[in-house]
Amino acid sequence: MQDNTVFDSQDVNQNKVFGILAYLGFLVLVPIFAAKDSQYARFHANQGLVLLIFEAAAYFMVAMCRLILFFVPFAGIFISALLGFCIFCISTVFIVLGIINACSNEAKKLPIIGEITILK
């Protein structure tokens, strides 16, 4: 479900860069601390933080899969590499979607993980 929240246009114009930074890995900390009064930057910072946590958890699971499949000669390497590539592709799509939304002054939630709220 896509939720289009309407924000103050002045808030959006002043904090668009923070919305973009929110999707670039650990740069999510910049809008969290530098634009904490902006609802627009906070929305995108929440989406970026959820994405970062999702990526960290997914790559941790891939690392555990590599450890488990270490003794399976070719299949273990292939499966873990394939999982890592799939996570990379999904993360890249989510990052691009988030940046496009932030650039176009929209507050659309990311698919699948967008409903999670960490920052209020």
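**Exercise 1.** How are H3 and H4 oriented to each other: roughly parallel or roughly antiparallel?

*Solution.* The model is predicted; local features need pLDDT of at least 70, side-chain atom pairs count only at pLDDT 80 or more, and totals for chains, interfaces and linings use all residues. Residues are numbered from 1 along each chain as its sequence is written, and side-chain values use heavy atoms, with hydrogens and water left out.

Step 1. Two packed helices are described by the angle between their axes and the distance between the axes.

Step 2. Helix H3 covers residues 39–68 and helix H4 covers residues 73–103; their axes come within 9 Å and cross at roughly 175 degrees. Axes are lines fitted to C-alpha atoms, for helices over the stretch in contact, and angles between N-to-C directions run from 0 to 180 degrees.

Step 3. Angles under 35 degrees count as roughly parallel, over 145 as roughly antiparallel, 65 to 115 as roughly perpendicular and the rest as oblique. H3 and H4 are therefore roughly antiparallel to each other.

Step 4. The contact of H3 with H4 is made up of 16 nonpolar, six polar and two charged residues. Here Ala, Val, Leu, Ile, Met, Phe, Trp, Tyr, Cys and Pro count as nonpolar, Asp, Glu, Lys and Arg as charged, and the others, Gly among them, as polar.

**Exercise 2.** State how many helices and strands the protein has, and what pattern they follow.

*Solution.* Step 1. Helices (H or I, at least four residues) and strands (E, at least two) are DSSP runs, numbered from the N terminus.

Step 2. The protein has four helices and zero strands. Along the sequence this reads α-α-α-α.

Step 3. The C-alpha trace spans about 60 × 25 × 20 Å along its principal axes.

**Exercise 3.** Find the two salt bridges of the structure and classify the partners as buried or partly exposed.

*Solution.* Step 1. A salt bridge is a side-chain nitrogen of Lys or Arg within 4 Å of a carboxyl oxygen of Asp or Glu. Buried means under 20% relative accessible area, exposed over 50%, partly exposed in between (1.4 Å probe, protein chains only).

Step 2. Lys108 pairs with Glu106 in a salt bridge, with the closest N and O atoms 3.3 Å apart. Lys108 is partly exposed at 28% relative accessibility, and Glu106 is partly exposed at 29%.

Step 3. Lys109 forms a salt bridge with Glu115, where the closest N and O atoms are 3.6 Å apart. Lys109 is buried at 16% relative accessible area, whereas Glu115 is partly exposed at 44%.

Step 4. For the protein as a whole, buried residues make up 37% of the 120 residues.
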